[in-house]
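User: I'd like a close look at one part of this model: the charged pairs and what surrounds them. Please walk me through it in one go.

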Amino acid sequence: MEHKPSLVGGACIIAGVCVGAGMLGLPSAGAGAWSLWSMLAVALTMVVMTISGWMLLESYKGYPLRVSFDTVTRDLLGEKVNALNNLSVYFVGGILLYAYITSAGLIIDGMTGMGSHWSSVLFTLVFSVLVWHSTRAVDRISVLLVILMGLSFVFGISGLSMNIRLDLLLDRVGSETHYAQYALVMLPVALTSFGYHHSVSSMRAYYGEERRASRAILGGTVIALTFYLIWLASVFGNLPRSEFGPVIAEGGNVDALLKALGSVIESQAVANALNAFSMAAILSSFIGVGLGVFDYLADLFKFDNSRAGRAKSWGVTFLPPLVLSLLFPFGFLMAIGYAGAVATLWTCIIPPLLAWKVRKAARNGNQGEGFRAPGGILMIVLVILFGVLTAAFHLLNMAGLLPVYTG
């Protein structure tokens, strides 16, 4: 009897890709917008990113199961657009892996004192083997990591949630009255926190068809959104808005946020649970993103699925971000912001264009029926507009033309 992969496993892979170090950067990125506007920005981003992922999935129908972004974009949009897309996909995947390796190195160093460089090397070598081995290995470890994240999250967040102060959550202790203007700066980080699109082809290959893959994608983004909203409420309800100044000054690094939270948490057990959650979140995202980039580069460079071929894919996936994390460590939020701005191309612009081309071919009788993302041409335009505005907000922020909260 043929084994059918469970929707839970696929949803956990998608959730694992989303719920990582990007989640840990949300409170720092949303410190200006604070509770209500941060949560609205994250929820809006989740809806748009789920629909754009479905549009990408729709564009794959009719292609072999191991096909990836590279082949489909070249076929439907041409070589020039494909070349730009390739650069953006590799840049975002690489910079996310770089951010996770650097963050893991800092956290492991804080726990063991073995040095951040050696910690980063050990982390990469040990856990990238899972991606080299198989998608099923990533599925199994992702389920375990989501369970660990869930347990440590519940324990750590319960410690925070029991002490949530409404005056802090609603910022009644400050004099600020304009929050919405700061939400614009948060969108690129929120977008990166739902950047699972490089794993869409892996999901399709894993399930062997689009409809079950689409359900796994929705399940994963819903899990991620739930984590994010609870996390934001718990942090903003315990850490005063003014206390984010030092964290933002250190580039929003994960260890700086954990240190700030540690100063307001009385229980060492709760602090340890938050550290465990942070490490599990970074690890699950590392192997999830790694799997997507691994499969993408295997398709791009036409590496086969033998041990030698997978070793080549492993090398081009993990060695460049590891080397860069050792040579050029810098602020976590800066890395995530760049990733979010560039990711708009292949998460919110290319997928709607691909879906539009597929639907145009279907109207001309050149494409069979099958999975279709919801919405017509208006939905395609809205998703593209969201991506363009998100990238524009990041560029305006870099130019100093948007209001930025500094504590």
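Let's start with Glu58 and Arg359: are they buried or exposed?

Analyst: Glu58 is buried, and Arg359 is buried too. Here buried means under 20% relative accessible area, exposed means over 50%, and partly exposed is what falls in between, with a 1.4 Å probe and protein chains only. Before going further, keep in mind that this is a predicted model: local features need pLDDT of at least 70, side-chain atom pairs count only at pLDDT 80 or more, and totals for chains, interfaces and linings use all residues. Residues are numbered from 1 along each chain as its sequence is written, and side-chain values use heavy atoms, with hydrogens and water left out.

Now to the pair itself. The side chains of Glu58 and Arg359 form a salt bridge, N to O at 2.9 Å. They come from distant parts of the chain, 301 residues apart: Glu58 sits in helix α3 (residues 34–60) and Arg359 in helix α16 (residues 332–363). A salt bridge here is a side-chain nitrogen of Lys or Arg within 4 Å of a carboxyl oxygen of Asp or Glu. Helices are DSSP runs of H or I with at least four residues, strands are runs of E with at least two, and the numbering goes from the N terminus. Side chains of opposite charge can pair when their charged atoms come close. Searching the whole structure turns up six salt bridges.

Another of these joins Arg241 to Asp171, with the closest N and O atoms 4.0 Å apart. Arg241 belongs to the loop between α11 and α12 (244–249) and Asp171 to the loop between α8 and α9, so this pair ties together parts that are 70 residues apart in sequence. Arg241 counts as buried because its relative accessible area is 6%, and Asp171 counts as buried because its value is 5%. Asp171 has a backbone quirk as well: its phi is near 55°, a positive value in a residue other than glycine. Lys302 shows a positive phi too, near 60°. That lysine is in the loop between α14 and α15 (307–327), and it counts as exposed because its relative accessibility is 55%.

Back around α8, Arg165 and Asp167 make a salt bridge with closest N and O atoms 2.8 Å apart. Arg165 counts as partly exposed because its relative accessibility is 42%, and Asp167 as partly exposed because its value is 27%. Val173, in the loop between α8 (166–169) and α9 (180–192), touches Arg165, Asp167 and Leu168 once neighbours within four places in sequence are set aside. Contact means heavy atoms within 4.5 Å.

Next, some buried polar side chains that are worth a look. Thr221, in helix α11 (residues 210–236), counts as buried because its relative accessibility is 0%. A polar atom of its side chain lies 3.0 Å from the backbone oxygen of Leu218. Outside its neighbours within four places, Thr221 is in contact with Ile14, Met46, Thr50, Phe194 and Tyr196. Ser120, in helix α6 (residues 116–133), is buried because its relative accessible area is 4%. Not counting residues up to four places away, Ser120 touches Ile101, Thr102, Gly105, Leu322 and Leu326.

Phe194 leads on to the nonpolar interior. The largest nonpolar core has 129 residues, and those with the most contacts inside it are Val42, Phe69, Phe194, Tyr228, Trp231 and Phe286. Helix α14 (residues 268–301) supplies the largest share of this core, 16 residues. Such a core is a set of buried Ala, Val, Leu, Ile, Met, Phe, Trp, Tyr and Cys residues joined through side-chain atoms within 4.5 Å. Beyond its neighbours within four places, Val42 is in contact with Leu26, Met186, Ala190, Phe194, Leu225, Tyr228 and Leu232.

Technical notes
A polar contact is a pair of N or O atoms within 3.5 Å; within protein, one must be able to donate a hydrogen and the other to accept it, and residues adjacent in sequence count only if both atoms are side-chain atoms.
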